[in-house]
Amino acid sequence: MKKSVCFILGIFFICSIIGCCKTFKPVEKTINPTLPKEAEKSNIKIEAIPNLQDDFIRGMDASSVLVEEKSGVTYYNFNGEVQDVFMTLTEAGVNYIRLRFWNDPYDENGMGYGGGNNDLETTIELGKRATKYGMKVCVDFHYSDFWADPKRQHSPKAWEGMNIEEKSKALYQFTKESLESLLKAGVDVSMVQIGNEINNGMSGETLFKNVASLLSSGSEAVREVSKKYHKEIKIAVHYTNIERKGSMSKYASQLEKFNIDYDIFAISYYPFWHGTMENMISVVKSLKEDFGKDVVIAETSYCYTSKDGDGAGNSIKGTTDLVKGYPASIQGQATIIRDVCAAANEAGALGVFYWEGTWIPVGKATTNNAPIWEKYGSGWASSYASDYDPEDAGLYYGGCSWDNQALFDFEGYPLESLNTFKWLKYGTK
């Protein structure tokens with residue numbers, strides 16, 4: 001009798017454990033394109049990178065797509081047909097989508113701060129579409145309610161007034177619950193950034209020991225969810241301003257000192273801001289050799305025109321601020337994408353993410369587009385962000401400053417430079 005009871009209880013215990021182990025089930029893929037096997041004909045010239053591996057990250061940040069579409073933007077394919085922009089991206093060789101993620105980008109009346117209004121719901125919807133077309137997803141937790149970068153690292157409203165122990169627990173819970181929601185929805189999350197360009201702090205914290213506490217909490221949450229869902233998810237820590245000599249090694253040393261558990265050192269590299277490609281190669285090699293970490297270029301871009309598509313002005317004008325040898329043209333844009341990828345590959349980086357190649361104008365440059373930006377959040381910031389970010393968004397809210405660096409023209413048609421991603425290995429003829 002006792003043996004039978006023990007046997008039954010044992011079986012029940014094993015079944016309970018099995019029931020608690022979840023397995024990630026991705027959204028069913030609609031397309032999984034193959035890369036070219038030889039040089040293809042094109043109107044632009046791309047020099048081959050013969051030793052490029054097929055799994056080299058040819059990534060794209062596409063965080064603004066949903067609000068663009070809500071604002072009336074239509075995206076087309078290379079045949080001039082209306083098509084899901086994610087399908088166009090994967091057909092062009094993009095294999096990874098990066099999505100920024102804010103905690104609560106809305107004011108007390110539910111009005112969005114803009115810049116994509118990238119909350120959990122938005123991230124899930126965009127992530128599912130990327131997964132559907134065969135692309136992996138990198139989730140970029142800003143751990144803020146709006147933009148986080150070296151200029152500002154505001155704490156989410158819900159965490160204001162917390163001490164570091166409370167904030168670390170809140171960050172852990174937010175990361176865990178959000179990541180589980182994404183995986184349950186079938187989003188193929190394969191990389192997570194715990195913070196965005198955290199050179200000067202994170203979530204309102206500036207002392208590195210406090211930042212380290214936050215990073216450790218985020219990392220712990222990712223590892224737990226990864227194990228629970230039997231899903232490999234790489235953890236990235238993200239910095240910028242690599243042109244400042246020795247700064248990346250300093251940050252990597254701090255991460256090592258505080259035993260931060262991460263896989264990838266992510267860096268932003270905009271050639272017009274962050275120095276030469278030779279320096280970028282040196283920085284990547286140093287991080288790999290001295291700290292034993294993989295490296296990824298988390299952000300890069302370049303302009304194809306000096307025109308302004310929405311009347312809001314551009315971050316890069318495309319005139320006196322160009323990189324020598326790279327004109328503001330489709331060919332110039334394609335060439336610099338190719339050259340950044342070649343340099344990253346030479347240095348041993350995992351790959352490159354192009355920043356916001358889908359962020360194009362809503363309306364015309366000659367019209368008042370402010371009502372659309374305000375309603376749908378398709379400008380870089382709305383007036384509703386003023387209270388949260390008074391020193392930046394509160395002063396300069398408006399449209400998109402990146403439209404001349406997109407990989408689609410002002411009407412939503414893909415530029416030939418978008419195909420650079422699929423032409424990297426064999427080039428064009």
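A residue counts as buried when its relative accessible area is under 20%. In this predicted model, that cut-off is a handy starting point for a group of charged side chains shared among three strands. Arg-98 and Asp-61 are both buried. With a relative accessibility of 0%, Arg-98 falls under the cut-off and therefore counts as buried. Asp-140 is buried too, its relative accessible area being 1%.

These residues take part in salt bridges, of which the structure holds 23. One of them joins the side chains of Arg-98 and Asp-61, with an N to O distance of 3.0 Å. The two partners come from distant parts of the chain: Asp-61 belongs to strand 1 (residues 57-61) and Arg-98 to strand 2 (residues 96-101), with their positions 37 residues apart in the numbering.

Asp-61 also meets a second arginine. Its salt bridge with Arg-100 has its closest N and O atoms 3.9 Å apart. Arg-100 sits in strand 2 and Asp-61 in strand 1, so this pair ties together parts that are 39 residues apart in sequence. Here again both partners, Arg-100 and Asp-61, are buried.

Arg-98, for its part, reaches a further acidic residue. It forms a salt bridge with Asp-140, and the closest N and O atoms of that pair are 3.0 Å apart. This pair likewise links distant parts of the chain, since Arg-98 lies in strand 2 and Asp-140 in strand 3 (residues 136-141), 42 residues apart. Through shared partners, salt bridges join Asp-61, Arg-98, Arg-100 and Asp-140 into one network that also takes in Glu-299 and Glu-356.

Attention now turns to a pair of helices. Two packed helices are described by the angle between their axes and by the distance between those axes. For helix 8 (residues 277-291) and helix 9 (residues 330-347), the axes come within 8 Å and cross at roughly 30 degrees. Angles under 35 degrees count as roughly parallel, and helix 8 is therefore roughly parallel to helix 9. The crossing of helix 8 past helix 9 is right-handed.

On the helix 8 side, the contact is made by Met-277, Met-280, Ile-281, Val-284, Lys-285 and Lys-288. Helix 9 contributes Ile-336, Asp-339, Val-340, Ala-343, Ala-344, Glu-346 and Ala-347. Sorted by character, the residues of this contact comprise nine nonpolar and four charged ones, with no polar residue.

Key: Residues are numbered from 1 along each chain as its sequence is written. This is a predicted model: local features need pLDDT of at least 70, side-chain atom pairs count only at pLDDT 80 or more; totals for chains, interfaces and linings use all residues. Side-chain values use heavy atoms; hydrogens and water are left out. A salt bridge is a side-chain nitrogen of Lys or Arg within 4 Å of a carboxyl oxygen of Asp or Glu. Helices (H or I, at least four residues) and strands (E, at least two) are DSSP runs, numbered from the N terminus. Buried means under 20% relative accessible area, exposed over 50%, partly exposed in between (1.4 Å probe, protein chains only). Axes are lines fitted to C-alpha atoms, for helices over the stretch in contact, and angles run from 0 to 180 degrees between N-to-C directions. Angles under 35 degrees count as roughly parallel, over 145 as roughly antiparallel, 65 to 115 as roughly perpendicular and the rest as oblique. A crossing is left-handed if the near helix is turned anticlockwise from the far one by less than a right angle, and right-handed if clockwise. Contact means heavy atoms within 4.5 Å. Ala, Val, Leu, Ile, Met, Phe, Trp, Tyr, Cys and Pro count as nonpolar, Asp, Glu, Lys and Arg as charged, and the others, Gly among them, as polar.
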